[in-house]
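Work through the following exercises with the sequence and the model at hand. Each task is followed by a solution in steps.

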Amino acid sequence: LSILQSVFGFPSFLGKQREIIDHVASGGDALVLMPTGGGKSLCFQIPALMREGCGIVVSPLIALMHDQVAALREAGVRAACLNSTLDATAAARVERELLAGELDLLYVAPERLTTPRFLGLLERARLALFAIDEAHCVSQWGHDFRPEYRRIRPIVEMIGRKPILALKATATPKVQHDIQKNLGILDAEVFTCSFNRENLYYEISTKSETEKK
């Protein structure tokens with residue numbers, strides 16, 4: 001709660017956020033189904049700050065990576081990303097920061113995660129957790145299957161077991177099972193959050209004759 005308030009500026013948790021954070025921070029695996037805008041990011045950002053080492057966040061969305069890293073840095077969190085938009089000099093700087101223990105969160109594209117160079121970095125770095133965003137990409141039944149996501153499980157097993165947090169807005173039972181099976185987290189706690197958004201509503205009003213013209 002102190003991290004939530006002092007770093008992110010929110011007075012209290014929403015829905016199951018605290019329950020998820022407690023579970024992951026204590027070393028548990030989790031599959032989180034939470035609607036867009038429901039606060040998924042805090043569910044891995046806060047545990048990464050609570051645990052020793054750097055939290056690795058796998059995401060296929062480069063624009064989202066940059067937005068989240070910029071917001072985290074503004075909040076004083078040591079965050080960075082590795083993807084195809086970085087030149088060799090910038091990428092090397094991030095790699096040095098990871099090995100020096102100077103990062104709290106590192107966002108990585110799945111294609112970068114599976115390269116031999118990055119695997120070597122992971123073996124030498126101190127890691128806090130693995131967060132798999134857009135986790136439906138793991139599943140062949142998902143709408144955006146990415147083969148690289150199938151290589152995450154052996155990577156995690158190779159470098160030593162760390163908490164895995166898979167996140168998605170929605171997923172059918174079939175996709176949920178496929179995510180858990182292919183990430184090796186069949187015993188993970190599944191958190192399904194309410195999709196009721198009280199701040200969103202539909203309103204229909206009748207136009208006046210003047211407005212119709």
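**Exercise 1.** Which handedness does the β-α-β unit made by β3, helix α5 and β4 have?

*Solution.* The unit formed by β3, α5 (residues 88-99) and β4 is right-handed. A crossover is right-handed if, with the strands pointing away from the viewer, the path from the first strand over the helix to the second runs clockwise. Helices (H or I, at least four residues) and strands (E, at least two) are DSSP runs, numbered from the N terminus.

The model is a predicted one: local features need pLDDT of at least 70, side-chain atom pairs count only at pLDDT 80 or more, and totals for chains, interfaces and linings use all residues. Residues are numbered from 1 along each chain as its sequence is written, and side-chain values use heavy atoms, with hydrogens and water left out.

**Exercise 2.** Find the strands that pair with β4, then state how its two faces are covered.

*Solution.* Step one: strand β2 (residues 54-58) pairs with β4 in the parallel sense over four bridges; two strands pair if DSSP finds at least two bridges between them. In this pairing V57 is opposite Y107.
Step two: strand β3 (residues 79-82) also pairs with β4 in the parallel sense, over four bridges, and L82 has V108 as its bridge partner.
Step three: in a regular strand the side chains alternate between the two faces of the sheet. In β4 (residues 105-108), L105 and Y107 lie on one side and L106 and V108 on the other, and all are buried. Buried means under 20% relative accessible area, exposed over 50%, partly exposed in between (1.4 Å probe, protein chains only).

**Exercise 3.** Check the length of helix α4, then describe its buried and exposed faces.

*Solution.* Step one: α4 (residues 62-74) has 13 residues, and at 1.5 Å a residue it should span 18 Å. The expected span is 1.5 Å times one less than the number of residues. The end C-alpha atoms are 19 Å apart, which agrees.
Step two: M65, Q68, V69 and L72 are the buried residues of α4. Seen down the helix axis, they fall within an arc of 100°, so they line one face of α4; the arc is that of the directions from the helix axis to the C-beta atoms.
Step three: the buried residues of α4 pack against α3 (42-50), β3 and β4, where contact means heavy atoms within 4.5 Å. The face turned away from the buried side carries the exposed residues A63, D67 and E74.
Step four: just after α4, G76 takes a positive phi of about 90°.

**Exercise 4.** Is Q17 buried or exposed, and what does Q17 touch?

*Solution.* Step one: Q17 belongs to helix α2 (residues 17-25) and is buried, with a relative accessible area of 2%.
Step two: leaving aside neighbours within four places in sequence, Q17 is in contact with M34, G38, G39, L42 and C43.
Step three: a polar atom of the Q17 side chain lies 3.0 Å from the backbone oxygen of G39.
Step four: among the buried residues of α3 are L42 and C43. Seven of the nine residues of α3 are buried, so α3 is largely enclosed by the rest of the structure.

**Exercise 5.** Where is E134 placed, and what is the sign of its phi?

*Solution.* E134 sits in the loop between β5 (127-132) and α8 (152-159). Most residues other than glycine have a negative phi. E134 is not a glycine, but its phi is positive, about 50°.

Conventions
A polar contact is a pair of N or O atoms within 3.5 Å; within protein, one must be able to donate a hydrogen and the other to accept it, and residues adjacent in sequence count only if both atoms are side-chain atoms.
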